[in-house]
There are 2 protein chains.
Amino acid sequence: MEPSPILLNIRKHIDLTTVEEDYFISLLKEKTVQRKEQLIKEGEACTYINFVQQGALRAFYVDHKDNENVIMFAIRDWWITDMHSFANEKPAMLNIDALEESIILQLHKKDLDQLFNKVPKFERFFRILMQNAYVREQLRIVANLSMPAADRYDNFLKKYPQFAQRVPLKQIASYLGITPEFLSLLRKRTSKRIS
Amino acid sequence: MEPSPILLNIRKHIDLTTVEEDYFISLLKEKTVQRKEQLIKEGEACTYINFVQQGALRAFYVDHKDNENVIMFAIRDWWITDMHSFANEKPAMLNIDALEESIILQLHKKDLDQLFNKVPKFERFFRILMQNAYVREQLRIVANLSMPAADRYDNFLKKYPQFAQRVPLKQIASYLGITPEFLSLLRKRTSKRIS
DNA sequence: CGTCTATTTGAATGTACTCAAAAGCGGTGG
DNA sequence: CCACCGCTTTTGAGTACATTCAAATAGACG
């Protein structure tokens, strides 16, 4: 039998017994999210952390000028939630919706807390997950501070080719912190430079 | 007897026995860092995570144009390291130096790994530490994407008044992703607006 | 007091944005 | 199967935000 993608994801960092794996799997709720369907809305409680089995989602922040600022993308094998809201049980600041029809596995905060107590190895798993997320965000800040938009786009294409293929340019522009019009201009320039 | 600041820091998130606390303390090396002394240099291995007992430090990244981009500040009660280098045992990408004479407590990677195995509660502590760091960096990205420089500066002053008092404007400008000249201009503008 | 670095000031420039409009593209219904 | 609709992407003109470079001023430290 094929092991589920989420178990492969977890086995990257910790070893579990079959019993532990079964217990973990029993905590998960599978959910299908339609394109444009909102999984998490700003202001609501965000009680689930989500593992993407299939599809593509985005997290974004709506600022005071009603601009959507894309914070992260998530495709197969990524975890996504509003971590601040999830961990501290505060209203969500972020919105999360599906860029295409997606299948996710949801783990509830209270189940995760129990899991931590019953199987402490999961503390390690989530420590590593948070560590990697922290480092990733720090690298993104470095990129934003030290590179002009054109270089950030090149960098994005190199680093996340999977995203580049599936995500509309408009969303990528937002992720990079530029307008879609400007991204379009940048793309025209580089294509000229190449040809 | 006064409990040490680092124990107070840890007790915010986990409960330890006296034996565990003593064991933890025994792993720490105290170190004094002079103003401008470099604690971590790009390219070298970064084998310590550092808790600031006194003083102020900064982490920065030197880009291909030799600009120093400030990634974070750390004062009393903050932890600082090049997390990517520390966790994955890679050469450091960041530099860390002291903005003023500082006293830090250093915990070695191999001691931390042992600590995790002997006292698994520390997995939880560092999970929460990483979680908070992740959320903080994400909020910073939101701020960078959605606000003009003037608002980011106001935001910084509100959020980190402790830093604003101790850190040179040049360093704050770098942290905000602007030039010191432009920050100076912004300050002149706001002071006019107030008076 | 002199030196070194941080901060301010100003002019010229560049990067990225806004607004408006056209072109492209995928889906849906007739 | 084509025509139309809605949304994304492109184009262009005018503008605003932020940078560079150069130089003056102010502050900190030995």
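Me: How many degrees of rotation does it take to put chain B on chain A?
Reply: In this predicted model, chain B is superposed on chain A by a rotation of 180° with 0.0 Å of shift along its axis, and the RMSD is 0.0 Å. That is the relation of a two-fold axis.

Me: And which residues does the contact take, from each chain?
Reply: The contact takes 27 residues from chain A and 27 residues from chain B. On the side of chain B that touches chain A, at least two residues each come from strand 4 (68-75), helix 3 (83-88) and helix 5 (121-146) of chain B.

Me: Which of the elements has the largest share there?
Reply: That is helix 5 of chain B, which supplies 17 residues of the side of chain B that touches chain A. Sorted by class, this side of chain B has 13 nonpolar, 8 polar and 6 charged residues.

Me: Why can one say that the copies meet through the same surface?
Reply: Because 100% of the interface residues of chain B are interface residues in chain A as well, the copies meet through the same surface.

Me: OK, on to the DNA. What surrounds DNA strand C?
Reply: DNA strand C is surrounded by 16 residues, and the closest are Ile178(A) and Phe182(A) from chain A, with Leu169(B), Lys170(B) and Ser184(B) from chain B. Helix 6 (149-159) and helix 9 (180-194) of chain A, as well as helix 8 (169-176) and helix 9 (180-194) of chain B, each supply at least two residues of the surface near this strand.

Me: Which helix gives the most to the surface near DNA strand C, and how do the residues divide by class?
Reply: Helix 9 of chain B gives the most, with 6 residues. The residues of the surface near DNA strand C divide into 9 nonpolar, 2 polar and 5 charged.

Me: What about DNA strand D, which residues come nearest there?
Reply: Around DNA strand D there are 16 residues, of which Leu169(A), Lys170(A), Ser184(A), Ile178(B) and Phe182(B) come nearest. Two or more residues of the surface near DNA strand D come from each of helix 8 (169-176) and helix 9 of chain A, and from each of helix 6 (149-159) and helix 9 of chain B. Helix 9 of chain A gives the most to that surface, with 6 residues, and the residues of the surface divide into 9 nonpolar, 2 polar and 5 charged.

Me: Changing topic: which way do strand 3 and strand 6 of chain B run, and how many bridges join them?
Reply: Strand 3 (residues 48-62) and strand 6 of chain B run antiparallel and are joined by 11 bridges. Within this pairing, Arg58(B) stands opposite Asp97(B) in strand 6 of chain B.

Me: And strand 1 and strand 2 of chain B, how many bridges join each to strand 6?
Reply: Strand 1 (residues 29-33) of chain B is joined to strand 6 (residues 95-108) by 5 bridges, and the two run antiparallel; here Glu30(B) stands opposite Leu105(B). Strand 2 (residues 38-40) of chain B also runs antiparallel to strand 6, with 2 bridges, and Gln38(B) has Asp97(B) as its bridge partner.

Me: Last one, where is Thr17(B), and is it buried or exposed?
Reply: Thr17(B) lies in the loop between helix 1 (5-11) and helix 2 (18-26) of chain B. Thr17(B) is exposed, because 10 other C-beta atoms lie within 10 Å, and a residue counts as exposed if that number is 12 or fewer.

Terms used: Residues are numbered from 1 along each chain as its sequence is written. Chains are lettered from A and ligands numbered from 1 in the order in which they are written. This is a predicted model: local features need pLDDT of at least 70, side-chain atom pairs count only at pLDDT 80 or more; totals for chains, interfaces and linings use all residues. A residue is near a molecule or strand if its C-beta atom, placed from the backbone, lies within 6 Å of it. Helices (H or I, at least four residues) and strands (E, at least two) are DSSP runs, numbered from the N terminus. Ala, Val, Leu, Ile, Met, Phe, Trp, Tyr, Cys and Pro count as nonpolar, Asp, Glu, Lys and Arg as charged, and the others, Gly among them, as polar. Two residues are in contact if their C-beta atoms, placed from the backbone, lie within 7 Å. Copies are superposed by least squares on the C-alpha atoms of residues with pLDDT of at least 70 in both. A residue is buried if 20 or more other C-beta atoms lie within 10 Å of its own, exposed if 12 or fewer, and partly exposed in between; C-beta atoms are placed from the backbone. Two strands pair if DSSP finds at least two bridges between them.
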